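What follows is a guided reading of one model, taken a few residues at a time. Keep the sequence and the coordinates open while reading.

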Amino acid sequence: MKRPQDFHKALYALQIAATTLYLIVGVVVYAYTGENTVSPALGNTGPTLRRVAYGIALPTIIISGVVNGHVCAKLIFIRIFRRNGEHSKHMTTHSVIGWGTWITICVLIWTLGFIIACVIPFFNDLLGVVSAIFASWYTYGISMGAFVMITGMYSNIQAIVDGYRSGGFPSPFSCINRGLV
């Protein structure tokens, strides 16, 4: 930054803009769909608009998933080949061991991600718990983040408990459509 003293102004502007945007989107979606809101929110639209919206959103979702998977794989790769500040030649050269390790790590991460996404029948509620714990601090700041974290965790954990009590969760690996029909 050219002027570090402007950091707080930028931070406040970011917090205000992010909070306003999230609140507006949440209120508008809930106002139109009510208690029938599905996750992700694109499932609340009609079939044609849903296809168009997913067609636009899918590249961003894939890119962000690949970036996050790559960061995780790189962290594991570096941990394997760097010991006591010294790095192995496999970290910086195109060796069979280096490439084999990299491909194995990536396959394991994507396989684990697929299994988690398909096996856990309350994946959306689990994402809500994880978001409440971690994302609320970055999105809403410390004071509002504490409120969002506590209420978000409580409501998502309660949704998981209620889902098990009512038998509302599908079986693992089911291709059930949760969009509004």
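Cys72 has a relative accessibility of 33%, so Cys72 counts as partly exposed, because the partly exposed class runs between 20% and 50%. The model is a predicted one, and this value, like the others below, is computed from it. Cys72 lies in helix H2. Its distance to a residue well back along the chain can be read from the C-alpha atoms: Cys72 and Ala13 are 59 residues apart in sequence and separated by 31 Å. Cys72 also appears among the contacts of Ile109, together with Gly69, Ala73 and Ile76, when neighbours within four places in sequence are left aside.

Ile109 leads on to the interior. Which residues make up the largest nonpolar core? There are seven: Ala73, Phe77, Phe81, Trp102, Ile105, Cys106 and Ile109. Two elements give two or more residues to this core, namely helix H2, spanning 47–81, and helix H3, spanning 96–119. The biggest contribution is that of H3, with four residues. Ala73 and Ile109, both members of the core, are also in contact with each other. Cys72 has no place in that set, because core residues must be buried, under 20% relative accessible area, and Cys72 is at 33%.

Helix H2 also has residues with a greater share of their area open. Leu75 is located in helix H2. Is Leu75 buried or partly exposed? Its relative accessibility is 49%, so Leu75 counts as partly exposed, the exposed class being reserved for values over 50%. From Leu75 to Thr92 there are 17 residues in sequence, and their C-alpha atoms are 14 Å apart in space.

Leu58 is another residue of helix H2. With a relative accessible area of 42%, Leu58 is partly exposed. Leu58 takes part in a nonpolar surface patch together with Ile61, Ile62, Val66 and Trp110, and the patch covers about 470 Å². Leu58 can belong to this patch because patch residues need over 30% relative accessible area, and Leu58 has 42%. H2 gives the most to the nonpolar patch, with four residues. Helix H2 therefore gives residues both to the core and to the patch.

The next stop is helix H4, which covers residues 123–166 and contains Gly163. Gly163 has a relative accessibility of 9%, so Gly163 counts as buried, being under the 20% limit. Beyond residues up to four places away in sequence, Gly163 touches Gly168 and Phe169. Gly163 and Gly26 are separated by 137 residues in sequence, and their C-alpha atoms are 22 Å apart.

Phe134 is in helix H4 as well. In contrast to Gly163, which is buried, Phe134 counts as exposed, because its relative accessibility of 52% is over the 50% limit. The C-alpha atoms of Phe134 and Glu86 are 32 Å apart, with their positions 48 residues apart in sequence.

The charged pairs come next. How many salt bridges does the rule count? The count comes to two. One joins Asp6 and Arg3, with the closest N and O atoms 3.1 Å apart. The other joins the side chains of Asp6 and Lys9, at 3.4 Å from N to O. Because both pairs are within the 4 Å limit, both qualify as salt bridges. Through the shared partner, Arg3, Asp6 and Lys9 form one network. Asp6, at 23% relative accessibility, counts as partly exposed. Arg3 is partly exposed too, at 45%, whereas Lys9 is exposed, at 57%.

An annotation record can be set beside the model. An unreviewed UniProt entry lists residues 12–32, 52–78, 99–123 and 129–150 under "transmembrane region". Over residues 12–32 the model is 100% helix and 0% strand, with 30 Å between the end C-alpha atoms. For residues 99–123 the figures are 88% helix and 0% strand, and the end C-alpha atoms are 32 Å apart.

Methods
Residues are numbered from 1 along each chain as its sequence is written. This is a predicted model: local features need pLDDT of at least 70, side-chain atom pairs count only at pLDDT 80 or more; totals for chains, interfaces and linings use all residues. Side-chain values use heavy atoms; hydrogens and water are left out. A nonpolar core is a set of buried Ala, Val, Leu, Ile, Met, Phe, Trp, Tyr and Cys residues joined through side-chain atoms within 4.5 Å. Buried means under 20% relative accessible area, exposed over 50%, partly exposed in between (1.4 Å probe, protein chains only). Contact means heavy atoms within 4.5 Å. Patches are made of residues with over 30% relative accessible area and no salt bridge: like charges are joined within 9 Å, nonpolar side chains (Val, Leu, Ile, Met, Phe, Trp, Tyr) within 5 Å. Accessible areas come from the Shrake-Rupley method with a 1.4 Å probe; for residues, only the protein chains shown count as cover. UniProt positions are given in the numbering used here, feature names are shortened, and annotations may be inferred rather than shown by experiment.
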